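Student: I have a structure here and would like a close look at a single part of it. Could you walk me through that part in one go?

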Amino acid sequence: MKDLKVGVLSFAHVHAGGFARLLGAMDGVRVLAADPDTDLAAPGEVRGKAFAAQLGVDYVDSYEELFAWGPDKVVVCSENVRHRALVERAASHGADVLCEKPLATTPEDGAAMVEACRAAGVRLAVAHPVRFSPAYLAVREAVRAGTAGDVLAVSGANNGYMPGGRRRWFVDPALAGGGALTDHTVHIADLLDDLFEASQVTSVYAQTNNVLYEGEVPVETAGLLTLTYANGAVATIDCSWSQPRHHPAWGGLSMQIVGDRATLEMDAFDQKVHGFSEASRAGVELPYGVDLDALMLREFLFGDGSGPVGVTDGASGLRSLRIVEAAYESARTGRTVAVG
Amino acid sequence: MARLDVGLIGAGGIARAHLPAWIALGARVTILSTDGNAEKLAARHAESGVTAVRGLSELLDRAAVVDLCTPTFTHRQLTLDAIAAGKHVVCEKPLALTVAEAREMADAAEAAGVLLFPAHVVRYFPAYAALAESVAAGGVGAPAVLRFTRSGSYPVWAPWFGDPALSGGILVDQMIHDFDFARLLAGDVVRVHAQVRGRQEPGARAGDVATGTAVLTHASGAVSHVLGVWGLPDLQFRTTFRVAGPGGILEHDSTAHTGFRVLAQGTRPLGEGIPGSPMTESPYLTELREFAVAVEGGPVPRVSARDGVEAVRIAAAAAESARTGEPVEIKVTEEAGL
């Protein structure tokens, strides 16, 4: 079988390196990266050719050269605000796209991307690896099979490091679209979009603050959202960047699901050996759970739809984006915002 | 400590938790209830001098302090009666179903110069007390985002719990514990949004589920999430918290740090056979000792009547929000003089 040609567009996102490494290690995959737009990087951020060398992946200096190579598929890891242009460009070259989340910074951009890919006949997928978590799939099985009954409430938390230290653009609202609300709402919103089989979110309430990084970053760093669904469920999401920056773990994603026939709890990243290192005088965590990024990439590249779960599609990514937009309106007005 | 004469009103679950604490404090306890259980409870503790009476005036004649362990809808009248008789009052949480009633009770106590002590016992649970002490000392810096969960089986053993007209429902009866605690840690609450799902009507039976979720916005800008579950019969009682600030996080899961566990006991079901053993002093004993010391002129308890009123204010706002679907604003200044 001919090797699959996969392009990595931009190293702006903190996940780009991990994706490139995983792709480079896959049999039957050839990887080529380009990261020409490093104008927004902060001093000290390793990008472009130097970063590709660290990762051990082939590199070209421009997107023109990358598309001239004829990629079958591309992974877009640019700043959020630059997703649209790169996705439209990939669509015009007939390449399937896996786009970092969130899909875009506005629903208007997201809708244009969905339309561009539809018109070009290419696949648009959004990078939500937690759909591939065995813990999530166990929840989904219980809910889909009816053994959990009707879902009454979901309490979810997706906390993490404040990412501005590794990539400054994450805390620039013009480039990221916002702060923690933009960055961390969509993972759980995406799981619930899948769990509830696209049941419409009917209203959104959100409150945010920047108590954690007051004076250091100009965006919200903590947020709580309450979403009501057409199926009757109510879900809350803690999207805060509240993981202390020197904590051994980057953060995590957990949900408690209260059904009328079962109460379930999942943690997508709690499979770890814990310890303490005398050498570094710090706590040690050794994650041993399955690599969700690898599962997602493999499904994007080779999936035939027969797996237990598919990669998030553009329409779903757009639904999550509309939730984020409503959440900002709610946080600004202090009111519940109707959606849909 | 001089011997304290305690009039315990009610003989249900919380009275049975308070009574051993009073006995441990050397109190002479008189019990009153309207369901016939006072006599049975007194008989079980007869060797400790516990007696039952049949009328409120008889109880008030004997007692220096009244401990109100009755359903919430009875709190106002019994508290006002006790205060009118010059007694200090311990009142089980919530103080009342409405802010107006709670404020009336607090005002009456202040006017009479007696203590009204809302029994928010979570303040005395050791993990929560450790959290509060650390946060007050700046352990995480200014709290930014706080999460609390509280779950257990649906309290079908006392049907009034499941009737929002009598208990306020899960938001007011159960989640008020964490509303009070969130306010303790992050300060006054200015906005509340809440939703409830599941069985919210009277007549709940084992197997029914009710759940509530609330987001509090504090005057400081901090935000708190509270999840409450009255769940299936096998839902183990469990509380969790996670408090994050610029200086770090503090988190706890009551089922993860039990100290002692029965790992196997053959065919006997859990809860039978080998009993659990308390790892720390009963929080009810800590709570009532603090009150008893205050009655004798010692330091005032860590929970004030105003705290009890404010907890009701948050809970009532949550209940209103759950009805309307809209957030409810709270003015923090109006109780300043209480």
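Student: How far apart are the mean positions of the positive and negative charges of chain B? After that, please take me closely through helix α2 of chain A.

Tutor: Happy to, and please keep in mind that this is a predicted model. In chain B, the mean positions of the 29 positive and 36 negative charges lie 4 Å apart. As background on that chain, 54% of its 338 residues count as buried, and its elements are eleven helices and 13 strands. Its radius of gyration is 20 Å, which agrees with the value near 20 Å that a compact globule of 338 residues would have.

Now to the helix. In chain A, α2 covers residues 48-55, and its buried residues are Gly48(A), Phe51(A), Ala52(A) and Leu55(A). Viewed down the axis of α2(A), these buried residues fall within an arc of 100°, so they line one face of the helix. The spacing makes sense: an α-helix has 3.6 residues a turn, so residues three or four places apart point the same way. What, then, covers the buried residues of α2(A)? The cover includes α1 (16-24) and β3 (58-60) of chain A. Turn to the other side of α2(A) and you find Lys49(A), Ala53(A) and Gln54(A), which are exposed; exposed here means over 50% relative accessible area, whereas buried means under 20%. Finally, follow the chain just past the end of α2(A): there Gly56(A) takes a positive phi of about 75°.

Key
Residues are numbered from 1 along each chain as its sequence is written. Chains are lettered from A and ligands numbered from 1 in the order in which they are written. This is a predicted model: local features need pLDDT of at least 70, side-chain atom pairs count only at pLDDT 80 or more; totals for chains, interfaces and linings use all residues. Side-chain values use heavy atoms; hydrogens and water are left out. Helices (H or I, at least four residues) and strands (E, at least two) are DSSP runs, numbered from the N terminus. The radius of gyration is taken over C-alpha atoms; the globule rule is 2.2 Å times the number of residues to the power 0.38. Buried means under 20% relative accessible area, exposed over 50%, partly exposed in between (1.4 Å probe, protein chains only). Lys and Arg count as positive and Asp and Glu as negative; His and the chain ends are not counted. The place of a charge is taken as NZ of Lys, CZ of Arg, CG of Asp or CD of Glu. The arc is that of the directions from the helix axis to the C-beta atoms. Contact means heavy atoms within 4.5 Å.
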